[in-house]
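Here are a few friendly notes to read alongside the structure. They walk through its open and enclosed spaces, then a helix pair, and end with some backbone details.

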Amino acid sequence: MKQIIVKCPGTVANLVCGFDILGLALNEPSDILELQLLDKPEVIIHNRDHYNLPTEPERNVAGVVLLSIMEKLDKPVGFEVTIEKHIKPGSGIGSSAASAAGAAVAANHLLGNPFTTDEVVQFAMNGEKLASGVKHADNIAPCILGGVSLIRSIHPLDIVSIPSPDLFVTVVHPQIEVRTSDARQILKQQVLLKDAIRQWGNIAGLVTGFMKNDYDLIGRSLEDVIIEPVRSILIPGFDEVKKQCKEAGALGGGISGSGPSVFMLSRNEEDARIVEAVMKGIYTKIGIDFNIYVTTINKKGVEVV
Ligand code: HSE
């Protein structure tokens with residue numbers, strides 16, 4: 001096989017209480033990535049979208065992933081990649097992870113699957129390092145594996161897939177850009193013990209809620225007393241969206257990844273559509289353009305199409 005096309009899902013990292021350790025994959029939006037194997041050790045990048053992302057391999061998320069894979073090979077191969085992004089960079093819906101994970105999975109396929117899933121995740125994390133300054137796998141793991149992922153540790157890598165009920169996800173993306181690196185820099189480096197206790201209660205509650213299909217427990221556990229109070233100031237309308245969506249029947253939700261997107265989980269499509277209408281009303285009133293997705297959890301991860 002010389003050429004492959006993959007579909008790379010958007011992801012919601014953190015899932016409110018699980019900063020850097022929880023994430024889920026979405027059925028919408030997703031990117032398309034085409035990869036071709038070359039017999040020269042070079043990386044050629046084309047963008048088939050209007051985001052003007054860098055095409056120098058060292059400055060491109062997919063590029064650094066492919067370079068890191070080439071370093072591990074004992075034969076002189078290269079890659080030509082065409083990226084068609086539908087997940088807007090800086091949206092908080094795992095745009096960089098989709099490119100990084102897509103490149104890693106596609107390259108592994110083209111090479112005849114020499115690498116394990118953990119190794120593919122490791123390669124893809126090089127893209128996150130370029131994008132946000134830090135390796136984290138809470139977008140990469142669900143993007144590659146699908147479903148809900150717990151990243152118990154990245155040194156050594158320890159990823160656990162968590163079963164979940166068929167939830168609906170409403171994601172609103174107010175059209176402002178928040179760079180993950182900036183959204184990380186503003187965080188406090190110390191937490192109070194009382195906040196840590198509350199947060200780990202929520203993480204355990206959320207994971208248990210997913211595993212037991214306990215919607216009320218999921219809803220109660222979607223609470224973040226550490227990151228959200230700091231980051232939410234970057235997102236216009238955040239408090240209103242959260243309050244009104246919950247009053248309208250959402251189980252709960254919060255900042256998607258590092259923002260500015262905000263997501264809400266719902267039991268069924270009807271509730272998710274009501275949440276969509278609430279979000280539309282709020283951002284129309286504030287006067288900020290937005291995109292909204294009403295979607296479900298993607299169970300497949302990066303997929304060959
Ligand atoms: N866990 C990361 C963060 C996700 O919140 O900074 C970035 O998409």
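1. Let's begin with the second largest pocket of this predicted model. By class, its lining is made up of 15 nonpolar, 4 polar and 3 charged residues. The lining has 22 residues, and those nearest the centre of the pocket are F19, K188, V191, I226 and I227. Two elements, α6 (193-211) and α8 (228-231), give two or more residues each to this lining. Helix α6 has the largest share, with 5 residues.

2. How much space lies in the second largest pocket? The value is about 500 Å³. Its lining also takes in both parts of the chain: domain 1 (3-163 + 300-304) and domain 2 (168-296) each contribute at least three residues.

3. Now turn to the largest pocket, which holds about 700 Å³ of space. It is lined by 38 residues, and V61, P89, G90, S96 and A131 are the closest to its centre. Sorted by class, the lining of the largest pocket has 12 nonpolar, 17 polar and 9 charged residues.

4. Which elements supply at least two residues each to the lining of the largest pocket? They are α1, α2 (95-110), α3 and α5 (180-185). The largest share, 4 residues, comes from α3. Here, too, domain 1 (3-163 + 300-304) and domain 2 (168-296) are both represented, with at least three lining residues from each.

5. Besides the pockets, there is an enclosed space to look for. A search of the whole structure turns up 1 cavity of 30 Å³ or more, and the volume of the largest cavity is about 60 Å³. Its lining consists of N14, V16, F19, D224, I227, E228, R231, I255 and G257. By class, these residues divide into 4 nonpolar, 2 polar and 3 charged. You may recognise F19 and I227, which line this cavity and also lie among the residues nearest the centre of the second largest pocket.

6. Why can the largest cavity be placed between the two domains? The reason is that domain 1 (3-163 + 300-304) and domain 2 (168-296) both give residues to its lining, so the cavity lies between them.

7. Next, a helix pair that is worth finding on screen. Two packed helices are described by the angle between their axes and the distance between the axes. Helix α1 (residues 61-71) packs with helix α3 (residues 117-132) at an angle of about 140°, and their axes are 8 Å apart. That angle makes α1 oblique to α3. The crossing of α1 past α3 is right-handed. Both helices also feature in point 4, as α1 and α3 each supply at least two residues to the lining of the largest pocket.

8. Two peptide bonds deserve a look. E28 and P29 are joined by a cis peptide bond, with omega about -5°, and P29 sits in strand β2 (residues 22-38). H155 and P156 are likewise joined by a cis peptide bond, with omega about 0°. P156 is found in the loop between β5 (148-154) and β6 (157-162).

9. Finally, what is notable about the phi of N14? It is near 80°, a positive value in a residue other than glycine. N14 belongs to the loop between β1 (3-13) and β2, and N14 is also one of the residues that line the largest cavity.

Definitions and conventions: Residues numbered from 1 in each chain as written. Predicted model: local features only at pLDDT ≥ 70, side-chain atom pairs only at ≥ 80, totals over all residues. Heavy atoms only, no water. 1 Å grid on protein atoms, 1.4 Å probe; cavity = no way out; pocket = protein on both sides within 12 Å on 5 of 7 lines; lining within 4 Å. Points joined across faces, edges and corners; volume = space filled by probe spheres on them. Nonpolar A, V, L, I, M, F, W, Y, C, P; charged D, E, K, R; others polar. Domains from an automatic or database assignment. Axes fitted to C-alpha atoms, helices over the stretch in contact; angles between N-to-C directions. Parallel < 35°, antiparallel > 145°, perpendicular 65-115°, else oblique. Left-handed = near helix turned anticlockwise from the far one by under 90°.
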